[in-house]
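Biologist: Before we start, could you show me the model, so that I can ask how its descriptive words are justified?

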Amino acid sequence: MNPKTILPIFISLVLLAAVIIFAAGCKSDSTSTTPRTGTITQAELDNVTMRLDSGITGDDASNAFTAVNDTLTVKHKLRDLFASITKSTSVSEGDIFIRKAYYISSTSYPKRDSVINFVVMVKREAGYYPAGNDWEYIKIPYNATTDYKAHPFGLLPADTSTSTAPDLTKTSLRGRLQAQCATCHAGASGDFLFSR
Ligand code: HEC
């Protein structure tokens, strides 16, 4: 073959290779480095497996109760904490923390009786809710009709709020729950988390 025909073929091959490498680079960018925004899915909640703490009862000074003068949490008799990351992993967007609260069985203390509720914090995108340290706060009451084998922490309530203002009501189940959650959690020492 004469060099005049080889050269254009060679250049085309180099260009093709460059296009393939560039496309592959773009693809990995969009799956791994694009910051996640938005809230979690039911599947992500179901898949939380890490047990952070177990059998917390009463007014434990070690988890900063005294700092927040807590009179509400102690009503949630006995608590287990779960998370999508370990205690020493730094928190990033999409990470999930869960507190499961039970009544205490009166016969053998401290024994877990029926579940009261689940409270969940999801780390959201920067600017989502600055006054709440960009956490989304979710309350999931116990519901006898829920399949807890499939959904160990219950079913996510619908995200219905259209307002981005801190929620000062005490009725919403989800979002920027200032009055119900964030005001107290602001008293925790690390990133609004008492377990840190
Ligand atoms: C009066 C204070 C107070 C209020 C109000 C409160 N919490 Fe908490 N929360 C605590 C304390 C204290 C802990 C530490 C664990 C324990 O002692 O049960 C905790 C633990 C948690 C955890 C486990 C992660 C961690 O380490 O902090 C989550 C998730 C959570 N709360 C979510 C919520 C949500 C959602 C609401 C609102 C519906 C809420 N909390 C309201 C005091 C409060």
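Biologist: Which residues does Gln178 touch, not counting residues up to four places away in sequence?

Modeller: This is a predicted model, in which local features need pLDDT of at least 70 and side-chain atom pairs count only at pLDDT 80 or more, while totals for chains, interfaces and linings use all residues. Residues are numbered from 1 along each chain as its sequence is written. With that exclusion, Gln178 touches Ala131, Gly132, Pro166, Asp167, Leu168 and Thr183, where contact requires C-beta atoms, placed from the backbone, within 7 Å. Its C-alpha atom and that of Leu168, ten residues apart along the chain, are separated by 5.7 Å.

Biologist: Why is Gln178 called partly exposed?

Modeller: A residue is buried if 20 or more other C-beta atoms lie within 10 Å of its own, exposed if 12 or fewer, and partly exposed in between. Gln178 has 19 C-beta neighbours inside 10 Å, and therefore counts as partly exposed.

Biologist: Gln178 lies in helix H4, so to speak of that helix, which of its residues are buried?

Modeller: In H4, a DSSP run of H or I with at least four residues, the buried residues are Cys181, Ala182 and His185. Seen down the axis of H4, they fall within an arc of 80 degrees, so they line one face of the helix; the arc is that of the directions from the helix axis to the C-beta atoms. Strand E5 is included in what covers them.

Conventions
Two residues are in contact if their C-beta atoms, placed from the backbone, lie within 7 Å. Helices (H or I, at least four residues) and strands (E, at least two) are DSSP runs, numbered from the N terminus.
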